[in-house]
Amino acid sequence: ILSAKLEREEGIINETRMDARRKTIREYVQLMAELGKPPNPLLAKPLKPPQFCLQFLRVLKDRLFIPTSWEVFLGLVRPAMERYLT
């Protein structure tokens, strides 16, 4: 529910997982081309991944125990969803 709300209302999507999914699809399509077989269209479609990056889960866990405003939460979640934090 939170993922859908963040995507719909705030435009925050899980870029790290989407990038990983796109890479996997490219590798799969390339392998099928090398084998001379058509790729399965269900496997070659970039579906929204159901997993969250670890950074997002950490931010979520931390905010469950530390009360904060929605704006502060978004400020912490947005970078975690866009790229891996170092």
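A residue is called buried under 20% relative accessible area, exposed over 50%, and partly exposed in between. That scale will be needed at several stops of this tour, which follows a predicted model.

**The whole chain**

Begin with the entire protein on display. Four helices and zero strands are present, and from the N terminus on the elements run α-α-α-α. The protein has 86 residues, of which 22% are buried. Its accessible surface comes to about 6300 Å², and 61% of that surface belongs to carbon and sulfur atoms. Among contacts between residues at least 6 apart in sequence, 67% join residues at least 24 apart.

Next, colour the model by pLDDT. The average for the protein is 78, and 85% of the residues score at least 70. Among the elements, H2 has the highest mean pLDDT, 86, and H3 the lowest, 75. As a general caution, where pLDDT is low, the predicted coordinates should not be read in detail.

**Helix H1**

Select residues 2-10, which form helix H1, and pick out Ser3 within them. Is Ser3 buried or exposed? Its relative accessibility is 17%, so Ser3 counts as buried. Now add Asn14 to the selection: Ser3 and Asn14 stand 11 residues apart in sequence, and their C-alpha atoms are 8.6 Å apart in space.

**Helix H2 and the residues after it**

Move on to residues 15-35, helix H2. This helix has 21 residues and reaches 30 Å from its first C-alpha to its last, close to the 30 Å expected at 1.5 Å a residue. Show the side chains of Thr16, Met18, Ile25, Tyr28 and Met32, which are buried in H2.

Of these, Met32 merits a separate selection. Met32 lies in H2 and counts as buried because its relative accessibility is 13%. Which residues does Met32 touch, not counting those up to four places away in sequence? They are Lys37, Pro38 and Pro39. While in this region, select Gly36, just after H2, where phi is positive at about 75°.

**Helix H3**

Select residues 54-65, helix H3. H3 has 12 residues and reaches 17 Å from its first C-alpha to its last, close to the 16 Å expected at 1.5 Å a residue. Gln55, Phe56 and Val59 are buried in H3. Why do these three share one side of H3? They cover an arc of only 100° around the axis, which puts them on the same side of the helix. Turn the view to the other side of H3, where Leu64 and Phe65 are exposed.

Then select Arg58, also in helix H3. Its relative accessible area is 46%, and because partly exposed residues lie between the limits of 20% and 50%, Arg58 is partly exposed. Extend the selection to Ala80: the C-alpha atoms of Arg58 and Ala80 are separated by 9.1 Å, although the two residues are 22 apart along the chain.

**Helix H4 and its contacts with H3**

Proceed to residues 70-82, helix H4, and select Leu76, which is found there. At 34% relative accessibility, Leu76 counts as partly exposed. Leaving aside neighbours within four places in sequence, Leu76 is in contact with Val59 and Arg63. Leu76 and Arg63 are 13 residues apart in sequence, with their C-alpha atoms 9.5 Å apart in space.

**The largest nonpolar core**

For the last stop, select Leu6, Ile12, Phe56, Val59, Phe73, Leu74, Val77, Ala80 and Met81 together; these nine residues form the largest nonpolar core. Helices H3 and H4 each supply at least two residues of this core. Which helix gives the largest share? H4 does, with five residues. In soluble globular proteins, nonpolar side chains tend to be buried together.

Several earlier stops can be revisited from this selection. Phe56 and Val59, members of the core, are among the buried residues of H3. Val59 is also one of the residues in contact with Leu76. Ala80, another member of the core, is the residue whose C-alpha is separated by 9.1 Å from that of Arg58.

Terms used: Residues are numbered from 1 along each chain as its sequence is written. This is a predicted model: local features need pLDDT of at least 70, side-chain atom pairs count only at pLDDT 80 or more; totals for chains, interfaces and linings use all residues. Side-chain values use heavy atoms; hydrogens and water are left out. Buried means under 20% relative accessible area, exposed over 50%, partly exposed in between (1.4 Å probe, protein chains only). Contact means heavy atoms within 4.5 Å. Accessible areas come from the Shrake-Rupley method with a 1.4 Å probe; for residues, only the protein chains shown count as cover. The expected span of a helix is 1.5 Å times one less than its number of residues. A nonpolar core is a set of buried Ala, Val, Leu, Ile, Met, Phe, Trp, Tyr and Cys residues joined through side-chain atoms within 4.5 Å. The arc is that of the directions from the helix axis to the C-beta atoms. pLDDT is the predictor's confidence in each residue, from 0 to 100.
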